[in-house]
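Let's take a walk through a protein model together. Keep the structure open beside you and look up each residue as we reach it.

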Amino acid sequence: MTLIVEAPRIPDDLAASTVRTSAQEQLQILQQRLLTRANLLDIANEQRVFADKSEMTADRIVQAMRARTSVKASSRRGSVPLMQISFEARSGRIAAGVLNDYLTLIQQEDVESRTGRATQTLEFFEREVARLSEELTERNARILSFKTENADALPESLDYRLSQQTFLQERLSTTEREIAGLKDQRENLLLLFENTGQVGGTGVGDLTPERQQLEALRRELSEALAVYSEQNPRVKVLKSRIAQAEEVVRAQPDPQPDEEATGNSLLDVQLAEIATRVGVLEAQKSATRKQLDEITGTINRTPANAIRAEELALDRDNIQQQYNLAVDRLSRASTGERIEVTAQGQRVSVIEPPVVPSKPSKPNRALIAGGGSFFGILCGIALVVLLELLNRSVRRPEDLVSRLGVTPLATIPYIATPGEIWRRRSWKLARLLVIIIAVPAAVYVVHVYYQPLDLIAERTMEKIGIR
């Protein structure tokens, strides 16, 4: 039978199979898997290839099956990938049966091999996509957890926190200046009272300093809203300061004379008012410093958090790239698997199926008989010539001259008796009968009752290494 490897029915530039095996490699793989020990033993038993199978060992059967199987594959580059398989058996039916079993195994192995490899490729990428999907989910969860734990120190809000830091520093400086101004005012009042015995005005008007500060903040907020939106960080900070100032004004106690009363009611009221304002400003200063320390701490943590966030994002991006690549390959593997399952890819087809031959291919008995006869005649002639050359007895007058160096006057030939003549003729007749009758009879007995001569010849050739 003759097999050929057909090219894929769908062009590779449209949809490619995931089983990439060259035609020559595919034929070699099929040949090696076909001639395995198990396959040869099963076929030999099923087709009853050997008449004396019970007397043959398993190794002998496998060796004989391989010797009777001939596989020829085209190996030249650029040639059509063909494979010719033939089998020799004692009958045409057995030979055709063995080749049909070979064909079944080849086609089954070709289909199972290609579809199996395509299915395994698809399953591999399905598992790979699932694994990468889990890893991608885990990386996203890590990033989310990290950002949640460090929400106050992320690089995204660094600009806002830097502006907050600047604002709080300015606020702290302003509060310290106000405190220093109030302390200087207190010292001036005491100094004026000691020197003159009189108390001057405070110069603060009808409103307390807290209320004046609240009104100033409200004016500043009004001016900011004319320029910025409600979501602007500066507007939000002003609203926060106004809310704090309102709380301070609502909670401000009535001025009480302090422990260092001077006896002058007006002076004591002014000193108590200054002390209250200083206390409020000190509280604001502590709160502002605490906020400033917290913001400074988050700003200091931001570089390390930025590096860690970048590492987590880079790790997630690497997994994302692998996931995208695996999804693309999964799509191609799915297409390749469908190509192989529907037999649209490269496959082995039969050009000439095995048939029962009408006559045996060998042995050529006429050629063997004619060649044997011709070879026998040549051997007989050669034997006669050799015996003639080796016979050194005196049979002619020339032999006497050459041996003794004398010339005889006359020669008398040997005269045999009738008994000698009869015995000589009987011996010749016996040898002729042996050649004509005994030798063919012995050959016939061996061929019929022991083993066919062609099998004996095959085994002899196998042993001497000809096959």
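Our starting point is Arg33, which counts as partly exposed because its relative accessibility is 39%. Here, buried means under 20% relative accessible area, exposed means over 50%, and partly exposed is in between, with a 1.4 Å probe and protein chains only. Before going further, please note that this is a predicted model, in which local features need pLDDT of at least 70, side-chain atom pairs count only at pLDDT 80 or more, and totals for chains, interfaces and linings use all residues. Residues are numbered from 1 along each chain as its sequence is written, and side-chain values use heavy atoms, with hydrogens and water left out.

What does Arg33 form with Glu109? The two make a salt bridge, and their closest N and O atoms are 2.5 Å apart. A salt bridge is defined as a side-chain nitrogen of Lys or Arg within 4 Å of a carboxyl oxygen of Asp or Glu. This pair links distant parts of the chain, since Arg33 sits in helix α1 (residues 23–34) and Glu109 in helix α4, 76 residues apart. Helices (H or I, at least four residues) and strands (E, at least two) are DSSP runs, numbered from the N terminus. Glu109 counts as partly exposed because its relative accessibility is 24%.

Next, find Arg37, which forms a salt bridge with Asp59, the closest N and O atoms being 2.6 Å apart. Arg37 belongs to helix α2 (residues 37–47) and Asp59 to helix α3 (residues 58–68), so this salt bridge ties together parts that are 22 residues apart in sequence. With a relative accessible area of 39%, Arg37 is partly exposed.

Now turn to a group of charged residues. Glu138, Arg139, Arg142 and Asp315 are linked in a network of salt bridges. One of the pairs is Arg139 with Glu138, whose closest N and O atoms are 3.9 Å apart. Are these two buried or exposed, or something in between? Arg139 counts as buried because its relative accessibility is 14%, whereas Glu138 is partly exposed, with a relative accessible area of 38%. A search of the whole structure finds 16 salt bridges.

Let's look at some backbone details. In the loop between α2 and α3 you will find Arg48. Its phi is near 55°, a positive value in a residue other than glycine. Arg48 counts as exposed because its relative accessibility is 62%.

Two threonines come next. Thr69 is placed in strand β2 (residues 69–73), and a polar atom of its side chain lies 2.7 Å from the backbone oxygen of Met65. That is a polar contact, meaning a pair of N or O atoms within 3.5 Å; within protein, one must be able to donate a hydrogen and the other to accept it, and residues adjacent in sequence count only if both atoms are side-chain atoms. Thr148, in helix α4 (residues 92–149), has a side-chain polar atom 2.7 Å from the backbone oxygen of Leu144. Are the two threonines buried or exposed? Thr69 counts as buried because its relative accessibility is 10%, while Thr148, at 56%, counts as exposed.

Moving along the chain, Leu221 lies in helix α6 (residues 209–225) and is buried, with a relative accessible area of 13%. The C-alpha atoms of Leu221 and Val237 are separated by 9.4 Å, and the two residues are 16 residues apart along the chain. Ala243 is found in helix α7 (residues 233–251). From C-alpha to C-alpha, Ala243 and Leu214 are 9.0 Å apart in space, and 29 residues apart in sequence.

Our last stop is helix α11 (residues 418–450), where Arg431 is placed. Which residues form a positive surface patch? They are Arg423, Arg424, Arg425, Lys428 and Arg431. Patches are made of residues with over 30% relative accessible area and no salt bridge, with like charges joined within 9 Å and nonpolar side chains (Val, Leu, Ile, Met, Phe, Trp, Tyr) within 5 Å. Lys and Arg count as positive and Asp and Glu as negative, while His and the chain ends are not counted; the place of a charge is NZ of Lys, CZ of Arg, CG of Asp or CD of Glu. Leu433 is also in helix α11. With Leu429, Leu432, Ile435, Ile436 and Ile437, Leu433 forms a nonpolar patch on the surface, with about 590 Å² of accessible area together, calculated by the Shrake-Rupley method with a 1.4 Å probe and only the protein chains shown as cover.
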